[in-house]
Amino acid sequence: MTRTLGIELPLICGAMYPCSNPELVAAVSEAGAIGIVQPLSLTYVHGYDFREGLRHVRSLTRKPIGVNLIVEQSSRKYLARVQQWLDIALEEQVPFLVTALGNPRWVVDRAAPAGVTVYHDVTERKWAEKALDGGVDGFICVNNAAGGHAGRRSAQQLLDEVGPLGKPLVCAGGIGDANRFREVLAMGYAGAQLGTRFIASEECSAHDDYKQAVVRAQATDIVLTEKISGVPVSVISTPYIERTGTHAGPLARWLLRQPRTRHFMRALYSLQSIWRLKRTAGRAQNYRDIYQAGKSVSGIDSVRPVAAIVAEFAAVLRQES
């Protein structure tokens, strides 16, 4: 993984909406790991033209970066935008793509001739098999401790299921400190993807209320709510979450299950979540807090510079060698 991507440490800063600001992405790469650009964060939250945003990140670091592409088919308009982002990423010679929520074959068909590495987010073996048929180079195994759209399986279960497919596996979920990083590498993972840990960093532009919520939280404070995107999302329990509940209403749940309406409902929920999460990351919300985070919060006790976080994880590899 490190040889292929040209990085020093098998550590990825996962793409996060709305928390993947350019300074965070660049700082992770500059420190020897690799930061992933989340296109909606870059353009809608932080106000960059996508190409200019990539160039801005590149102005902050000469080291490799990646781009996240959600390839779900629910919105033709959004998929057309993803295709444009892919064109620009290839033109700007981005060496690493992380795909999610769909069949990545068309991305691989475009990226492989350019020598670009493609990893795909998976939560179980059946999705990994489809992505393998699509030609991906590796898998981001999203487990049940992850923030955002978490999986249902543990890190060990995913390793057992997806490992036999013979591609590098990255563990995503539940990794908040260097000790857990050591454990997942010892299990057999090629690397780790962190999100929540990097929210609690100095370079992340999320509001300090969000960062302090991550620092204060424990794994038992993480709950799943359907009210953000229509499918369970891991968030920190707050008075707002407790008061509004975590389940979609009966009508919404029924519409999400129907073939004729589920794509419309998913698109509606997505638009709503894009707006709400942008507001949450950028300002104090008091009683209306919605903070996406994973169970890795148990290993996070302070807001630190990205370089210090990455150095802590790098020290584990030096000790092992």
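Select F96 in strand β4 of this predicted model; F96 stands opposite T117 in strand β5. Show the whole of both strands next: β4 covers residues 96–100, and β5 covers residues 117–122. The two pair in the parallel sense over 4 bridges. To follow the connection between them, trace the chain from β4 through helix α6, residues 105–111, to β5. This β-α-β crossover is right-handed.

Now add strand β3, residues 66–70, which runs parallel to β4 and is joined to it by 5 bridges. On this side, select L69, which stands opposite T99 in β4.

With the neighbouring strands displayed, turn to the surroundings of β4 itself. Are its faces covered or not? Both are covered: F96, V98 and A100 lie on one side, L97 and T99 on the other, and all are buried. The strand is accordingly described as mostly covered, with 5 of its 5 residues buried.

**Salt bridges around the strands**

The count of salt bridges comes to 10. Begin with R55 and E92, whose closest N and O atoms are 2.9 Å apart. R55 lies in helix α4, residues 50–60, and E92 in the loop between α5 (76–91) and β4, so the pair ties together parts that are 37 residues apart in sequence. The partners differ in burial class: R55 counts as partly exposed at 42% relative accessibility, whereas E92 counts as buried at 14%.

Proceed to D87 and R110, whose side chains meet in a salt bridge of 2.7 Å, N to O. Here D87 belongs to helix α5 and R110 to helix α6, so that distant parts of the chain, 23 residues apart, are linked. D87 is partly exposed at 28% relative accessibility, and R110 is likewise partly exposed, at 39%.

Next, select R180 and E183 in helix α9. They form a salt bridge in which the closest N and O atoms are 2.9 Å apart. What separates the two along the helix? Because they are 3 residues apart in α9, the separation is about one helical turn. In an α-helix there are 3.6 residues a turn, so residues three or four places apart point the same way. E183 has a relative accessible area of 42% and is partly exposed; R180, at 25%, is also partly exposed.

Finally for the charged groups, select R51, E52, R55, E91 and E92 together, which salt bridges with shared partners join into one network.

**Helix α15**

Move to helix α15, residues 306–320. A distance between its end C-alpha atoms gives 22 Å; at 1.5 Å a residue, its 15 residues should span 21 Å, which agrees. Within α15, colour V306, I309, V310, F313, A314, A315 and V316, which are buried. Which elements cover them? The covering elements include β1 (11–13), α2 (22–30), α9 (178–187), β8 (191–194) and α10 (196–199). Among these, α9 has already been visited for the salt bridge between E183 and R180.

**Confidence**

Close the tour by colouring the protein by pLDDT. The average is 88, and 83% of the residues score at least 70. Then select residues 283–288, over which the pLDDT is below 50. Beyond near neighbours in sequence, this stretch has 8 contacts in the model.

Conventions
Residues numbered from 1 in each chain as written. Predicted model: local features only at pLDDT ≥ 70, side-chain atom pairs only at ≥ 80, totals over all residues. Heavy atoms only, no water. Buried < 20%, exposed > 50% of the residue type's maximum accessible area, 1.4 Å probe, protein only. Pairing = 2+ DSSP bridges. Right-handed = clockwise from strand over helix to strand, strands pointing away. Expected span 1.5 Å × (residues − 1). Contact = heavy atoms within 4.5 Å. pLDDT = per-residue confidence, 0-100. Salt bridge = Lys/Arg side-chain N within 4 Å of Asp/Glu carboxyl O.
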